[in-house]
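I open this notebook to record what I looked up in one structure. The entries follow the order in which I took up each topic.

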Amino acid sequence: VDDPAAAAMWAAEFPEGEQRRELVDYSLYRWAKKDPEGARTWVEAVEDSDVQVGASHALVRAWADTDPAAATQWVMDHRNDLEGDLPLMNASRQWADQDPVATAAWIANLDDPLTQGRVMDNITRVIANRGGEALDEWIGEIQDPALRARANQVIEQVAVTPSLLTGSGQ
């Protein structure tokens with residue numbers, strides 16, 4: 001795609017359905033890789049909620065590759081417009097990979113305990129899968145005693161039930 005912005009706008013005009021979702025996702029992801037600000041502005045202005053939700057997910061995936069903190073904050077600012085927690089989980093997990101100190105502090109300051117817990121659990125499960133130094137570093141960055149205890153519970157669950165990591169049920 002030579003001009004992903006034009007491709008996203010063109011795809012958004014397709015009739016609602018799987019083909020439109022796939023084309024918008026493909027082109028918006030590439031647009032956001034080249035120009036996250038332009039893609040973000042377009043996503044925020046789209047009036048079709050189906051297009052906006054799909055485009056938002058693609059935007060966050062691409063943006064989180066280069067600036068996960070900004071992508072995470074954008075998701076938090078637009079949570080009511082998005083379906084599900086997948087964008088938040090993906091962006092915050094990428095942020096934790098790049099900057100565990102800042103991510104742990106951000107989680108500690110979330111004012112919604114439900115969101116705080118889900119994000120903490122998600123990031124901890126992913127890092128627990130890696131084990132070793134990454135896990136030690138993550139736990140060491142969690143300053144809040146209650147959040148550290150929660151993370152340790154997740155680690156214990158993962159150790160007892162490896163399928164929590166893989167989803168395989170084995």
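**Entry 1: the chain as a whole**

I began with burial: of the 170 residues of the protein chain, 44% count as buried. I note at the outset that the model is a predicted one. For the secondary structure I found 11 helices and 0 strands, and the pattern read along the sequence is accordingly α-α-α-α-α-α-α-α-α-α-α. I then looked up the extent of the C-alpha trace, which spans about 50 × 35 × 25 Å along its principal axes. For contacts with a separation of 6 or more, I recorded that 53% join residues 24 or more positions apart.

**Entry 2: the cavity**

How many cavities of 30 Å³ or more does the count give? I found 1 cavity by this rule, and its volume is about 40 Å³. I listed the lining of this largest cavity as Arg20, Arg21, Val24, Asp25, Asp50, Val51, Gly54 and Ala55. Helix 2 (18–34) and helix 4 (49–66) each contribute at least two residues to that lining. By class, I entered the lining residues as 3 nonpolar, 1 polar and 4 charged.

**Entry 3: salt bridges**

Two lining residues, Arg21 and Asp25, led me to the charged pairs. As a general note, side chains of opposite charge can pair when their charged atoms come close. My search of the whole structure returned 12 salt bridges.

I took Arg21 first. Arg21 forms a salt bridge with Glu18, with 3.3 Å between the closest N and O atoms. Both residues lie in helix 2, 3 residues apart, which is about one turn of the helix. I recalled that an α-helix has 3.6 residues a turn, so residues three or four places apart point the same way. Arg21 is partly exposed at a relative accessible area of 36%, and Glu18 is also partly exposed, at 45%. I also noted a network of salt bridges that links Glu18, Arg20, Arg21, Asp48 and Asp50.

I next examined Asp25, whose side chain meets that of Arg61 in a salt bridge at 3.0 Å, N to O. Asp25 lies in helix 2 and Arg61 in helix 4, so this pair ties together parts that are 36 residues apart in sequence. Is Asp25 buried or partly exposed? Its relative accessibility is 25%, and since buried means under 20%, Asp25 counts as partly exposed. Arg61 is partly exposed as well, with a relative accessible area of 31%.

The third pair I looked up was Glu44 and Arg40, whose side chains meet in a salt bridge at 2.8 Å, N to O. These residues are 4 apart in helix 3 (residues 36–45), and therefore about one helical turn separates them. Glu44 is partly exposed at 33% relative accessibility, whereas Arg40 is buried, with a relative accessible area of 16%.

**Entry 4: helix 6 and its cover**

I turned to helix 6 (residues 86–98), which has 13 residues. From its first C-alpha to its last, helix 6 reaches 19 Å, close to the 18 Å expected at 1.5 Å a residue. Which residues of helix 6 are buried? I listed Pro87, Leu88, Met89, Asn90, Ala91, Ser92, Trp95 and Ala96. What covers these buried residues includes helix 4, helix 5 (68–77), helix 7 (100–108), helix 8 and helix 9 (132–141).

From helix 8 (residues 113–130) I selected Asn122. Asn122 counts as buried, because its relative accessibility is 16% and the cut-off for burial is under 20%. Leaving aside residues up to four places away in sequence, I found that Asn122 touches Met89 and Arg93.

**Entry 5: Val53**

My last look-up was Val53, which I placed in helix 4. Val53 is buried, with a relative accessible area of 11%. With residues up to four places away in sequence not counted, Val53 touches Asp81 and Glu83. Finally, I checked Val53 against Ala151: the two are 98 residues apart in sequence, and their C-alpha atoms are 31 Å apart in space.

Key: Residues numbered from 1 in each chain as written. Predicted model: local features only at pLDDT ≥ 70, side-chain atom pairs only at ≥ 80, totals over all residues. Heavy atoms only, no water. 1 Å grid on protein atoms, 1.4 Å probe; cavity = no way out; pocket = protein on both sides within 12 Å on 5 of 7 lines; lining within 4 Å. Points joined across faces, edges and corners; volume = space filled by probe spheres on them. Nonpolar A, V, L, I, M, F, W, Y, C, P; charged D, E, K, R; others polar. Buried < 20%, exposed > 50% of the residue type's maximum accessible area, 1.4 Å probe, protein only. Contact = heavy atoms within 4.5 Å. Salt bridge = Lys/Arg side-chain N within 4 Å of Asp/Glu carboxyl O. Expected span 1.5 Å × (residues − 1).
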